[in-house]
Amino acid sequence: MVEVIGFGLAGACVALQLQRAGIQVRVVDDGRVGSSHVAGGLVNLVAGRNFEPSWEVKEAWDVALPFYEELGDHLFQSVPILRLWRDEKDRRKFERKREQLGSWIQKVDDEGVTWRGGGWLDCSRFLKIAREECLKSGGEWAAVPRGGKQVWCAGAAGLIRGDFDDVAHRSAKGEILTVKIPGWGENRILNRNGWVIPIGNDLYRVGATYDWDHLTSGPTEEGREKVESLLRTFTDRDFEVTGHVAGIRPIINRSKPVVRFQEGRGWMVNGLGSKGVIYAPRVGLEMAEILQE
Ligand SMILES: Cc1cc2nc3c(=O)[nH]c(=O)nc-3n(C[C@H](O)[C@H](O)[C@H](O)COP(=O)(O)OP(=O)(O)OC[C@H]3O[C@@H](n4cnc5c(N)ncnc54)[C@H](O)[C@@H]3O)c2cc1C
């Protein structure tokens with residue numbers, strides 16, 4: 001029996017991968033809204049300013065995509081991502097990397113480069129389905145940790161508390177808006193300094209802010225203004241804000257997940273950063289392989 005503490009993306013993937021490896025699990029989650037509940041769910045395989053594929057992204061996504069597909073129809077929505085040019089210099093930077101990025105390029109034109117293979121995961125639905133799946137496979141739920149072999153998947157809360165010794169973190173708060181833009185009809189994910197994800201019924205998720213200094217919970221007026229300004233860089237249409245959420249990304253080494261053991265404490269799986277959707281299923285598998293030995 002292994003106790004998994006925290007049931008966000010990390011804990012859910014660890015728990016399910018342990019069960020698939022034949023290990024019994026007991027989940028302990030304090031029911032607070034972790035970053036997995038608010039995440040945009042974006043999967044952008046070539047993110048960032050410099051057109052660099054994310055760290056081991058192909059290997060991680062080769063594990064993650066079938067994992068999500070097996071769990072539920074349409075949990076992951078494959079959507080082309082239009083990375084808009086910032087300026088001519090940006091476009092020239094892309095041209096220098098173009099050959100290396102070939103397998104991800106769907107189209108290049110004056111608007112930008114369209115990536116294939118990306119999309120978004122409905123993270124809230126994933127957590128719900130993962131819980132059902134875990135219970136169905138004999139997983140137990142407990143209100144407080146009981147001890148034994150433990151895997152701490154406590155996200156930013158655990159990093160801020162310092163659950164494990166000597167883990168330096170640079171966690172970052174982020175805020176996201178859901179907006180309604182009747183008649184816009186944009187069905188690609190747009191990306192430049194931030195992103196806009198079409199989620200259906202004229203609704204779009206827009207994000208996200210980064211704040212390393214104020215790791216408080218809850219949305220702020222300042223965050224809302226920042227995301228509204230960001231949205232205006234993508235469209236001049238009128239919009240209505242229908243939702244506003246905030247969370248804290250657990251960042252240790254950029255978005256590289258960290259698996260760590262500490263005597264007397266157990267295992268830690270944390271540091272999914274801004275790319276939990278891509279990396280969580282593979283780090284869950286890594287944890288299962290370690291505990292199977
Ligand atoms: C605004 C924002 C936008 C984002 N957008 C994206 C995106 O588009 N794509 C992407 O891939 N990633 C995105 N992320 C990042 C993603 O959310 C994280 O990488 C991921 O959710 C981290 O998952 P986690 O399980 O480590 O942490 P969490 O989701 O925080 O889960 C940890 C869980 O552990 C529980 N817990 C903590 N301590 C205890 C304890 N002592 N006992 C019991 N339970 C405990 C918490 O309550 C929580 O439920 C975004 C994050 C933010 C904040």
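This is a short walk through a predicted model, one selection at a time.

**Stop 1: the ligand and its shell**

Start by selecting the ligand and showing the residues around it. Which residues come nearest? Of the 42 residues around the ligand, they are Gly6, Gly8, Gly34, Gly155 and Gly276. Colour the shell by class and you will find 19 nonpolar, 17 polar and six charged residues.

Next, see which elements reach the ligand. Helices α1, α2 (35-38), α6 (155-161) and α8, with strands β11 (172-180) and β15 (240-249), each supply at least two residues of the shell. Select α6 on its own for a moment: α6 gives the most to the shell, with four residues.

**Stop 2: helix α1 against helix α8**

Keep two of those helices in view by selecting residues 9-20 for α1 and residues 276-292 for α8. Their axes come within 8 Å and cross at roughly 40°, which makes α1 oblique to α8. The crossing of α1 past α8 is right-handed.

Now turn on side chains where the two helices meet. On the α1 side, pick Leu9, Ala10, Cys13, Val14, Leu16, Gln17, Leu18 and Arg20. On the α8 side, the residues they meet include Gly276, Val277, Ala280, Pro281, Val283 and Gly284. Further along α8, add Leu285, Met287, Ala288 and Leu291. By class, this contact of α1 with α8 divides into 14 nonpolar, three polar and one charged.

**Stop 3: helix α3 against helix α8**

Stay with α8 and add residues 57-71, which form helix α3. How does α3 lie against α8, roughly parallel or roughly perpendicular? The axes of α3 and α8 come within 7 Å and cross at roughly 85°, so the two helices are roughly perpendicular to each other.

To see the contact, select Val57, Ala60, Trp61, Val63, Ala64 and Phe67 in α3, then Ile278, Tyr279, Pro281, Arg282 and Leu285 in α8. The contact of α3 with α8 has 10 nonpolar residues, no polar ones and one charged. Pro281 and Leu285 may look familiar, as they also appear in the contact of α8 with α1.

**Stop 4: the eight-stranded sheet**

Move on to the open sheet of eight strands, and follow its order: β6-β7-β5-β12-β13-β14-β11-β15, with mixed pairing. β6 (105-108) and β15 stand at the edges with a single partner strand each, so one side of each is left without a neighbour in the sheet. Step across the sheet and the twist averages 20° from one strand to the next. Helix α7 (221-232) packs on this sheet, where it touches β11, β13 (195-200), β14 (203-207) and β15. The direction of α7 makes about 60° with that of β11.

Zoom in on some of the pairs:

- β5 (81-84) and β7 (112-115) are antiparallel, paired over four bridges; Leu84 stands opposite Gly112 in β7.
- β12 (189-191) and β13 are antiparallel, with two bridges. Here Asn191 stands opposite Trp195, and three residues lie between the strands of this hairpin.
- β13 and β14 are antiparallel, joined by five bridges. Val196 stands opposite Val206 in β14, and this hairpin has two residues between its strands.

**Stop 5: two unusual backbone spots**

Before selecting them, keep one rule in mind. Most residues other than glycine have a negative phi, and most peptide bonds are trans.

Select Asn201 in the loop between β13 and β14. Asn201 is not a glycine, yet it has a positive phi of about 55°.

Then go to the peptide bond from Gly207 to Ala208, which is cis, with omega near -10°. Ala208 lies in the loop between β14 and α7.

**Stop 6: the three-stranded sheet**

Finish with another open sheet, made of three strands in the order β3-β8-β4 with antiparallel pairing. β3 (42-43) and β4 (76-78) stand at the edges, each with a single partner strand, so one side of each is left without a neighbour in the sheet. Select β3 together with β8 (119-121) to see the two bridges that join them. For a last close-up, centre on Val43, whose bridge partner in β8 is Gly119.

Key. Residues are numbered from 1 along each chain as its sequence is written. This is a predicted model: local features need pLDDT of at least 70, side-chain atom pairs count only at pLDDT 80 or more; totals for chains, interfaces and linings use all residues. Two strands pair if DSSP finds at least two bridges between them. Axes are lines fitted to C-alpha atoms, for helices over the stretch in contact, and angles run from 0 to 180 degrees between N-to-C directions. Angles under 35 degrees count as roughly parallel, over 145 as roughly antiparallel, 65 to 115 as roughly perpendicular and the rest as oblique. A crossing is left-handed if the near helix is turned anticlockwise from the far one by less than a right angle, and right-handed if clockwise. Two residues are in contact if their C-beta atoms, placed from the backbone, lie within 7 Å. Ala, Val, Leu, Ile, Met, Phe, Trp, Tyr, Cys and Pro count as nonpolar, Asp, Glu, Lys and Arg as charged, and the others, Gly among them, as polar. A residue is near a molecule or strand if its C-beta atom, placed from the backbone, lies within 6 Å of it.
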